[in-house]
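Here is a friendly set of questions and answers to work through with the model open beside you. Please have a look at the sequence and the structure before you start.

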Amino acid sequence: MSRNKLYLLFFIACFSGFIYLIYQIHNSENTHFGVCLIKNVTGFPCPSCGTTRAVQLLLQGNILASLETNPFGILIAFIMTVVPVWIAFDLIFKRDTFYQSYKKTESTIRTKRIATVLILLVILNWIWNIYKNL
């Protein structure tokens with residue numbers, strides 16, 4: 001994937017995430033709308049169920065409750081905060097540091113050992129979500 005396509009993809013994803021988060025914050029009392037297709041079809045939470053609530057709790061300063069709800073929330077909040085700033089830096093200064101870091105991270109994650117550990121963490125998080133009856 002080219003640098004510009006990657007930057008656009010991440011920008012759109014982060015922007016969409018912020019819009020969805022703002023919508024959820026302002027309408028959390030009025031709706032119980034869930035976007036998780038897996039949970040809507042099977043009744044069981046997916047590994048990322050509760051991520052939005054975890055980010056909301058993090059924004060309220062409740063780090064432990066955020067971690068308990070879904071540890072992915074802290075990772076998502078970090079990505080949504082850092083990536084747009086990093087991409088803007090690259091675009092302003094005509095650099096590609098984010099693109100290079102992404103490529104290195106992608107190649108590292110593709111190694112068998114790292115991929116196995118990450119898959120196990122996702123499975124453990126999924127079991128945690130099911131156990132909590134999220």
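## Questions about a predicted model

Q: In which helix does Ile130 lie?
A: This is a predicted model, and a good place to begin is residue Ile130. The helix that holds Ile130 spans residues 112–131. That helix is H7.

Q: Is Ile130 buried, partly exposed or exposed?
A: The relative accessible area of Ile130 is 40%. Buried would need a value under 20%, and exposed a value over 50%. Since 40% falls in between, Ile130 is partly exposed.

Q: What distance separates the C-alpha atoms of Ile130 and Cys49?
A: Along the chain, Ile130 and Cys49 are 81 residues apart. In space, their C-alpha atoms are separated by 9.7 Å.

Q: Is Cys49 buried or exposed, and what about Cys46?
A: Cys49 has a relative accessible area of 7%, and Cys46 has a relative accessibility of 8%. The cut-off for buried is under 20%. Cys49 is therefore buried, and Cys46 likewise counts as buried.

Q: How many disulfides does the structure hold?
A: A disulfide is a covalent bond between the sulfur atoms of two cysteines. To count here, a pair of cysteine sulfur atoms must lie within 2.5 Å. The number of disulfides in the structure is zero.

Q: What is the order of elements in the chain, from the N terminus on?
A: Let's step back to the whole chain. Its secondary structure comes to seven helices and zero strands. From the N terminus on, the order is α-α-α-α-α-α-α.

Q: What percentage of the residues in the chain are buried?
A: The chain has 134 residues, and its C-alpha atoms fill a box of roughly 45 × 40 × 30 Å along the principal axes. Buried residues make up 22% of the chain.

Q: What share of the contacts with a separation of 6 or more joins residues 24 or more positions apart?
A: Take the contacts in the chain whose partners have a separation of 6 or more. Among these, pairs 24 or more positions apart account for 58%.

Q: Which residues are in contact with Gln56, leaving aside neighbours within four places in sequence?
A: Gln56 belongs to helix H3, residues 51–59. With a relative accessible area of 15%, under the 20% cut-off, Gln56 is buried. Its contacts beyond four places in sequence are Leu21, Gln24 and Ile25.

Q: Which elements are included in what covers the buried residues of H3?
A: The buried residues in H3 are Thr51, Ala54, Val55 and Gln56. Just after H3, Gly61 takes a positive phi of about 90 degrees. The cover over the buried residues of H3 includes H1, helix H4 (63–69) and H5.

Q: Is the packing of H5 on H6 parallel, antiparallel, perpendicular or oblique?
A: Helix H5 (residues 72–92) and helix H6 (residues 97–109) pack with their axes 8 Å apart, at an angle of about 125 degrees. That angle lies above the 65 to 115 range for roughly perpendicular and is not over 145, the limit for roughly antiparallel. H5 is therefore, relative to H6, oblique.

Q: How do the residues of the contact of H5 with H6 divide into nonpolar, polar and charged?
A: H5 brings Val83, Trp86, Ile87, Phe89 and Asp90 to this contact. H6 brings Thr97, Phe98, Tyr99 and Ser101. The division is six nonpolar, two polar and one charged.

Q: Which residue in the loop between H5 and H6 has a phi near 55 degrees?
A: The residue lies in the loop between H5 and H6, and its positive phi occurs in a residue other than glycine. At 75% relative accessibility, it counts as exposed. The residue is Lys94.

Q: Which helix supplies the largest share of the largest nonpolar core?
A: In soluble globular proteins, nonpolar side chains tend to be buried together. The largest nonpolar core here has seven residues: Leu6, Tyr7, Cys14, Val83, Ile87, Phe98 and Tyr99. Helix H1 (3–27), H5 and H6 each supply at least two of them. The largest share, three residues, comes from H1.

Q: What distance separates the C-alpha atoms of Phe98 and Trp86?
A: Phe98 is in helix H6 and counts as buried at 6% relative accessibility. Beyond four places in sequence, Phe98 touches Leu6, Tyr7, Phe10, Val83, Trp86, Ile87 and Asp90. Trp86 is twelve residues from Phe98 along the chain, and their C-alpha atoms are separated by 6.5 Å.

Methods
Residues numbered from 1 in each chain as written. Predicted model: local features only at pLDDT ≥ 70, side-chain atom pairs only at ≥ 80, totals over all residues. Heavy atoms only, no water. Helix = DSSP H or I, 4+ residues; strand = E, 2+ residues; numbered from the N terminus. Buried < 20%, exposed > 50% of the residue type's maximum accessible area, 1.4 Å probe, protein only. Contact = heavy atoms within 4.5 Å. Axes fitted to C-alpha atoms, helices over the stretch in contact; angles between N-to-C directions. Parallel < 35°, antiparallel > 145°, perpendicular 65-115°, else oblique. Nonpolar A, V, L, I, M, F, W, Y, C, P; charged D, E, K, R; others polar. Core = buried A, V, L, I, M, F, W, Y, C linked by side-chain atoms within 4.5 Å.
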